[in-house]
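Reader: I've got the structure open and I'm curious about its cysteines and its annotated domains. Could you walk me through them?

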Amino acid sequence: MAPANAMEPAAPVLDRAGWTATASDEETAGENGRAANVLDGNATTLWHSRWSAPAAPFPHSITIDTHRTAVVSALVYLPRSGVANGRVGEYAVSLSTDGRSWGDPVATGTLADDGSAKTLGFAPQGARFVRLTALTEAGNRGPWTSAAEINLLGDPGTPAATVDLSRAGWTATASDEETAGENGRAANVLDGNATTLWHSRWSAPAAPFPHSITIDTHRTTAVSALVYHPRPDGANGRAGAYTVTTSADGATFGAPVATGTWRDDDTVKTATFTRTENARFVRLTVTSEAGGRGPWTSAGEIRLSGPAGPAVHGAWDRITGFPLVPVATAVLPGDKLLAWSAYAVDRFGGSNGYTQTAILDLKTGKVTQRRIDNTGHDMFCPGIAMLADGRVLVTGGSNAEKASIYDPATDTWSATTSMNTARGYQAMTLLSTGEAFVLGGSWSGAAGDKAGEVWSPDTRTWRRLPGVPAAPAQTADPAGPYRADNHMWLHATSGGRVLQLGPSRQMNWITTSGGGSITPAGPRADSPDAMTGNAVAYDIGKLLTLGGSPAYEKTPATGRAYTVTVSGDQVRAARTGDMEHARGFGNSVVLPDGKVAVFGGQANPVPFSDATSVLTPELWDPATGTFSPLATMAVPRNYHSVANLLPDGRVFSGGGGLCGDCATNHPDGAVFTPPYLLDADGSPKPRPAITAGVPPRTAPGTTLAVSTDKPVASFVLMRAAAATHSTDNDQRRVPLASTATGTGTYAVSVPADPGVVLPGTYLLFALDAQGVPSRGEFVTVS
């Protein structure tokens, strides 16, 4: 069940008073289809593109003029009710401050062909004009576009592409502060301790509103947002209505760069500026207490954010809308990303026997949708394994015993033999033998120990492993096996063996020959259970585990990270540097250079909630064992979110939600460009290219004769991977030995051990001496 706050949009609906609408074309002869109808509050009156002969062709656009500059983060499109004609299919959203200069779209995508309201999100920014352009009709019924109502959402408190500014040397002063009844001095908002507060004067006589606090950075700095941490120990003084102003000299403050009203809760709040300001002083002025409890204001911490530096923090592309919430994803040859949700595009439940799927074409940005009925399988909350021949095996979930296979070569789904044990939230991995192993999964199916079993690609049947019960690999979750055997972290090694390295604190070796066995491999150093965390193989026999929480939900997450090193039968775990942010339900992706990027998650994991979201990704460097911040995300990515390495060395991050009529559904995603691909001005770095020598298929132990367009320093194989529920057991980075054989030619050796190069489809990357990767070339190793 979704929590109450899942029903509340994070961003406010902007007041439409004074707005106007114009369109590229509108129907006035056959009906009143004027653009102004989208702002009249009546869903039965429409804007409709011109359909009287001759009908206006695509594209059709409608532009909202708010007649003032405000932070905008989404367009809410309500299709006409009762009639399907004109529902928007492919779309683009563009912004402008003056109605003339529009730039590139901030959001593109494809909408589902239904009558529900659609929220088209994008990175929040200041704008006066917002334009929706329809490129197709959702059902391809004709060259028409219609809209019943259009609304805009304001500041969600999640500014995109910013980073925290260093607070070294900063000072703070306030209009008033409490010093008699407590230490409520302004300086406390800069001490790194949220339990020490600035508090307005409450000793009689209490100071009336407004209360203000001014940060002096003692240097001119580009500032894009103010981050406000409410006090953690109580509700009194939570800021309600606020404005933010800036100054170069501390004497003259300009017009507000941010205004709004914050919710009465303890989550961290952000005020996104309508424009980036070069300022020394930033002032927060509060004019009401969020709960109306009294004339007080308090703050635990105040931070400022500035624009991210692309070469240090990376950069985000536009938001891409999907016709479903991408709960599970798999990277496919041909630069495609397969995604699916459940029986519905926005919710789950029951065992309906079909699944909503979509494919994103990474070259064109187009998303196509299809419902899969022929396998009789609702694939919500499944296990996933990328097979040796590049196909995708999906097991269990809502139809808990079913198993289905997607073949990217033919773009077809087919059923395979059902599992012996019904499962949901189970863990899967391919084995070095080419078989697929599955364990756990008590979320779905009858209660009981969900022992392991193995699927054979030769016989297409499942073999029980009575010697591999799930119990030794469970966490101590208070909900019992229903939660304790979910989303295990599995790493396949030589001889058909598997290391189960979490989320239970106890690690285990699993053999899969005969009836199988499971034996302890030691604790994960001093880590407690870490459900909702994940693990990723960043080098041969080396894994990194990240975050998680002692129980599946409603327990604080951790920022701890551990390395796990596998050498033969020996497993060594050690704590590495901590993340800056505690995370549950986050996603982690290993990059071709061996660094690991972590996206999203919550400080206190709660399914379907966006409270306590972590919007700052982090990058772990194996050379130093430390994490550094990356450019912040525009959309929270928590429960039911995904992240995948793409063939061009970038990362897709998307999804979250799937709770039906709630505000925390996120049917979209965005592509992140890591710092290794960008110069300081945001332009692409020159990157090497593989020009020849990568066959469609090769075998372990082969030496490839690879050509590049310029000298390179190394080569690496990255396994094509599939993600769901923070877990991606398919990820694997394999550095390769290589020798230069001439100018731009190299002998590149593929390891002979299938426990190192697990059978399947890989991306071969070449990296130059600065660690800049080429585009990946697909090759199947088996």
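Author: Sure, starting with a cut-off: a disulfide here is a pair of cysteine sulfur atoms within 2.5 Å. Bear in mind that this is a predicted model.

Reader: How many disulfides does a search of the whole structure find, and which cysteines form it?
Author: The sulfur atoms of Cys659 and Cys662 sit 1.9 Å apart, so they fall inside the 2.5 Å cut-off. The whole-structure search turns up 1 disulfide. That pair is Cys659 and Cys662.

Reader: Which handedness does the link of Cys659 and Cys662 have?
Author: Go by the angle about the S-S bond, which is 75°. That makes the Cys659 and Cys662 link right-handed.

Reader: Are Cys659 and Cys662 buried or exposed?
Author: Buried means under 20% relative accessible area. Cys659 comes in at 13%, and Cys662 at 15%. Both values are under the cut-off, so Cys659 and Cys662 count as buried.

Reader: Why is the sulfur of Cys381 without a bond to Cys659?
Author: Cys381 is itself buried, at 1% relative accessibility. Its closest cysteine sulfur belongs to Cys659, and a bond is ruled out because that gap is too far: 13 Å.

Reader: Which residues does the "F5/8 type C" domain annotation cover, and how far apart are the end C-alpha atoms?
Author: The unreviewed UniProt entry puts that domain at residues 1-155 and 160-307. Residues 1-155 are 0% helix and 39% strand, while residues 160-307 are 0% helix and 45% strand. The end C-alpha atoms of residues 1-155 are 27 Å apart; for residues 160-307, the separation is 9 Å.

How values were computed
Residues numbered from 1 in each chain as written. Predicted model: local features only at pLDDT ≥ 70, side-chain atom pairs only at ≥ 80, totals over all residues. Heavy atoms only, no water. UniProt positions renumbered as here; feature names shortened; annotations may be inferred. Helix = DSSP H or I, 4+ residues; strand = E, 2+ residues; numbered from the N terminus. Buried < 20%, exposed > 50% of the residue type's maximum accessible area, 1.4 Å probe, protein only.
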